[in-house]
Amino acid sequence: MAAHPTVHAHYGEYREEKDVGFKLLALFLGLAVGILGMVAVWMGISAQNARDDARAAAKAAPTATTSMPGMAMPSSAEGARPTPSFAGIAPANADALAAAHKAYPAALPATTPGPVLNVHIGINHRVLSIAPGIKYEAWTFDSGVPGPVIHARQGQTVRVTLTNHAPMPHSVDFHAARVAPNKDFVDIMPGKSFTFSFTAGDPGVFMYHCGTKPVLAHIANGMYGAIVVDPSNPNLLPPVHHAYVLVSGEWYLNAPGNKKPASLDMVKAHQMTPDWVTWNGYAAQYVKHPLTAHPGHTVRFYVVDAGPSIDTDFHVVGTVLERAWLDAAVTDPPLHNIQTATVPAGGGGIFDVNITKPGLYPFVTHSFASVDMGAVGLLNVGDVSGTMSH
Ligand code: CU
Ligand code: CU
């Protein structure tokens, strides 16, 4: 398995291999330079012709931005500029920074008694660390990404009050709600508050997010979170010893973010080429600060994929998902003994594991490009010491 305990060591190895490759290539080029020179002249002429053709076509074509009312299509000008990857960039002291980082608390918070659950959320624009030494100008529900985990009981009224401290309109869209979006998921102007209520009628784990246009930008900037709704019939989700909430999200950076904070690159967001993919907002934070469990105890993962665009293929290395409730379908019986479960962008899933052998068990999206960009954490079963060897 290629689950990387840190995403950075890997890049060093890759560079070394590339150095050897360059030496061989240089030798070959020395012999073939004459032939290649002639080919290059021909290719240069061809490329120039191709560019001229492309420019002529671009002039003739209508712009994409006007083609579909209400949709924010990437413009042809956006697509023309380079979109370098800043994946894996790390300072020399990345390890120390990762150790000093305070991990987002993944443990599921307790429910609140009574018929009404009051939720107050402030909306803010602030700079966050999203990986060791990498800063980003985020938009947040409360103070971090993801926003606060909300834990309701089926049948409870969730009364949400949002206060917008940011200099632009924002809103919230709860996937757990059955309400008219034009009435309750409305834009809240800077400095204003807004309250609405919904009944937590459907059990499961759901995404919430800002629904202000362009939604892609508001989610990509960090405006998302999870709400867990316990079923009124407790047999549907039997009690477990440990429960953790994991929200995956992609980050698309317009700069490396190591010297000054990066912000959103909308072209990369449209292209779905993230620089970082994180569990609970920070690359590989549960590798340095593992989640914990006792051998033989059942661990429940409530997983939400906030996207904005890429699915999560949830997998725990070294075990199977003993029980799985896909998306918000809290059905009886659940699915059993699944190796990898898809959590779609904008969806959630509930997964139970029961591990008897002490050790370090990585949880990942099995889409391994995302693992290299930070979508990996560890479950430490039995308080073992050491790190992953691979
Ligand atoms: Cu927003
Ligand atoms: Cu949504």
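Me: Let's start with one strand: how many residues of β13 (residues 312–316) are buried?

Reply: Good place to begin, and keep in mind that this is a predicted model. To read burial, count neighbours: a residue is buried if 20 or more other C-beta atoms lie within 10 Å of its own. In β13, 4 of the 5 residues are buried, so by that cut-off the strand is mostly covered.

Me: Which strands pair with β13, and in what sense?

Reply: Look for bridges, then check the direction of each partner. Strand β16 (residues 341–343) is joined to β13 by 3 bridges, and the two run antiparallel. Strand β18 (residues 359–365) is also antiparallel to β13, again with 3 bridges. To find the pairings by eye, use D313, which stands opposite T342 in β16, and H315, whose bridge partner in β18 is V364.

Me: How much of β12 is buried?

Reply: The count works as before. β12 (residues 298–305) has 7 buried residues out of 8, so the strand is mostly covered under the neighbour cut-off. Its pairings make a nice exercise in direction. With β9 (residues 242–251) the pairing is parallel, over 7 bridges, and H242 stands opposite V299 of β12. With β17 (residues 347–354) β12 runs antiparallel, joined by 8 bridges; there V303 has G349 as its bridge partner.

Me: Now a whole sheet: what is the strand order of the open sheet that contains β1?

Reply: Read a sheet from one side to the other, ignoring the sequence numbering at first. This open sheet has 4 strands in the order β2-β1-β4-β6, and its pairing is mixed. The edges are β2 (134–141) and β6 (193–199); each has a single partner strand, so one side of each lacks a neighbour in the sheet. Neighbouring strands here are turned by 25° against each other on average, with direction ignored. For a parallel pair, follow β1 (residues 116–131) and β4 (residues 157–164), which are joined by 8 bridges. I121 has L162 in β4 as its bridge partner.

Me: Which strands stand at the edges of the open sheet ordered β3-β8-β7-β5?

Reply: Ask which strands have just one partner. This is an open sheet of 4 strands with mixed pairing. Its edges are β3 (150–153) and β5 (173–174), each with a single partner strand, so one side of each has no neighbour in the sheet. For β3 the contact to trace is with β8 (residues 224–230): the two run parallel, joined by 4 bridges. I150 stands opposite I227 in β8.

Me: How many residues does the largest nonpolar core have, and which have the most contacts inside it?

Reply: Colour the buried nonpolar side chains and follow who neighbours whom. The largest nonpolar core has 92 residues, and those with the most contacts inside it include I227, Y302 and F351. β9 gives the most to this core, with 6 residues.

Me: What does F351 touch?

Reply: Leave aside residues up to four places away in sequence, then list the contacts. F351 touches F301, V303, F314, L321, A324 and A341.

Me: And how do I read the protein as a whole?

Reply: Finish with the totals. The protein has 8 helices and 19 strands, and 39% of its 390 residues are buried. Sequence separation is worth a look too: among contacts between residues at least 6 apart in sequence, 76% join residues at least 24 apart.

Methods. Residues are numbered from 1 along each chain as its sequence is written. Chains are lettered from A and ligands numbered from 1 in the order in which they are written. This is a predicted model: local features need pLDDT of at least 70, side-chain atom pairs count only at pLDDT 80 or more; totals for chains, interfaces and linings use all residues. A residue is buried if 20 or more other C-beta atoms lie within 10 Å of its own, exposed if 12 or fewer, and partly exposed in between; C-beta atoms are placed from the backbone. Two residues are in contact if their C-beta atoms, placed from the backbone, lie within 7 Å. Two strands pair if DSSP finds at least two bridges between them. Axes are lines fitted to C-alpha atoms, for helices over the stretch in contact, and angles run from 0 to 180 degrees between N-to-C directions. A nonpolar core is a set of buried Ala, Val, Leu, Ile, Met, Phe, Trp, Tyr and Cys residues joined through C-beta atoms within 7 Å.
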